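Here's a short set of exercises to work through with the model open in your viewer. Try each task before you read its solution.

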Amino acid sequence: MVTVMDVTLEMSAAPEAERTAASLGAQATAGTLAKRPLVGLSRAELAETLGELGIAPAQRRMRATQLWGWLYGRGVSDFAAMTNIGKDLRACLQAGFDLARPEIVTEQISSDGTRKWLLRLPASEAGGRAPEIETVYIPEADRGTLCISSQIGCTLTCTFCHTGTQRLVRNLTAGEIVGQVLLARDRIGDWTGAETPDPRGLPIGERKITNIVLMGMGEPLYNFDNVKTAMDIVSDGEGLSVSKRRITLSTSGIVPMMERAGAEARLMLAVSLHAVRDDLRDVLVPINRKYPIAMLLDGCRAYYGLSNARRITFEYVMLKGVNDSIAEARDLVRLLAGIPAKINLIPFNPWPGAPYECSDWEQIERFAEVVNRAGYASPIRTPRGRDIMAACGQLKSESEKMRASERRALAPLPANVGGAVS
Ligand code: SAH
Ligand code: SF4
């Protein structure tokens, strides 16, 4: 255990740190320097940042570990609460860095306990419109799943997806991805010793967020570096401690990125399949024209750690009269034979103006029975939070409501944003 005495700045570093604090403070006051976010830095980057503040090399790792504990173990959002960090260093951090969570525009709690937050993020450039994203929390009796976004909008245009009707505004930073987890923990009271503001529908266990799914807005494999950094932070055992086996990345099938994602991030994988034939998948998930089904399944077979203990989840949205015939159910199990898999049948969640309808419940059950008989357990995903438009594919930020002229005023896309289907 670290004592208070133990962690004040060492004498040799103090004058430099004080100078840095003073100059950072002066610049921030003068408005010449925006505060930098601290959330989202890897451990190494955090140590490097402390170096910039004058912390001696021998001390950096230890200081970074202490900060890490406050940020991700305790979830503090105020430097003043970091009581075992020396006053000088705290002042220095306060002057130059920001711990703010994304701003909550609205918080909605569904009749089934599902929560949806509309969050406002800083604009990419001065005077630009602040973009918004959505994050959803789905509680069950014994676990709680947080569905987070990886991009604002999406470059892909899956025809059944609400997000797909919104253009890509930008990638989220690692800090903004982690920020969704921190904010959800704040609002649910999921920090040790924290009060739970509204306990409706929360799971019984000590931890309220046990699982994370990258199934909100955006295609996570088009923002892989930030997603990876963020998930390394979220899974770190001295912080948020969500095991990588409980984090699932859902992709529409960006095959060339799947191998890298498996090797480097080692998350569980979900694949949005939705059709068993290329001609139909070309329409539903247009990236299929670039990476067709056979190529996608080869990518799945090669995915990191694939085994019965680490199955890939295949998502299949149930669209009335489009992809929900019994013949297609049979083709689905045939197609996936030999791949350790789970099948998730997702009843289509409607949104205003959607060109599809959800399959009839009896048809979903008949389809599920074929899948079930082939050995896949409980294949239907119960829709949650439909009354607050929090279900899969209903997410779309308010920025979509902008007029075209306002959209053009948005910052241009960063160069590293890829993926539009030509
Ligand atoms: N872009 C990634 C992750 C986000 S979408 C992907 O496509 O996998 C998460 C899941 O919700 C995907 O399986 C997606 O196909 C599904 N989805 C999208 N719109 C939906 C809708 N309206 N109803 C049901 N599921 C939907
Ligand atoms: Fe993008 Fe996924 Fe929606 Fe397709 S389903 S448009 S990839 S968010």
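The exercises below go from the whole chain to helix pairs, the core and one surface residue.

**Ground rules.** This is a predicted model: local features need pLDDT of at least 70, side-chain atom pairs count only at pLDDT 80 or more, and totals for chains, interfaces and linings use all residues. Residues are numbered from 1 along each chain as its sequence is written, chains are lettered from A and ligands numbered from 1 in the order in which they are written, and side-chain values use heavy atoms, with hydrogens and water left out.

**Exercise 1.** Work out how many helices and strands the protein has.

*Solution.* Take DSSP runs numbered from the N terminus: H or I of at least four residues for helices, E of at least two for strands. That gives 12 helices and 13 strands. Next, burial: 53% of the 422 residues count as buried (buried is under 20% relative accessible area, exposed over 50%, partly exposed in between, with a 1.4 Å probe and protein chains only).

**Exercise 2.** Classify how α5 and α6 pack.

*Solution.* Start with the axes, which are lines fitted to C-alpha atoms over the stretch in contact, with angles from 0 to 180 degrees between N-to-C directions. For α5 (residues 174–188) and α6 (residues 224–235), they lie 8 Å apart at about 40 degrees. Now the cut-offs: under 35 degrees is roughly parallel, over 145 roughly antiparallel, 65 to 115 roughly perpendicular and the rest oblique. So α5 and α6 are oblique to each other.

**Exercise 3.** Do the same for α10 and α11.

*Solution.* The axes of α10 (residues 326–336) and α11 (residues 361–373) cross at roughly 30 degrees and come within 9 Å. This pair is therefore roughly parallel. Then list who touches whom, contact meaning heavy atoms within 4.5 Å: among them, Leu332 and Val333 in α10 meet residues of α11 including Phe367 and Val370.

**Exercise 4.** Which residues have the most contacts inside the largest nonpolar core?

*Solution.* Join buried Ala, Val, Leu, Ile, Met, Phe, Trp, Tyr and Cys residues through side-chain atoms within 4.5 Å. The largest such set has 109 residues, and Leu38, Phe160, Met231 and Phe314 have the most contacts inside it. Its largest share, eight residues, comes from α5. A second, separate core of five residues includes Val136 and Ala270.

**Exercise 5.** Is Glu259 buried or exposed?

*Solution.* First find Glu259 in helix α7 (residues 255–265). Its relative accessibility is 62%, so Glu259 counts as exposed. Finally, check Ala302: 43 residues from Glu259 in sequence, yet 7.2 Å away C-alpha to C-alpha.
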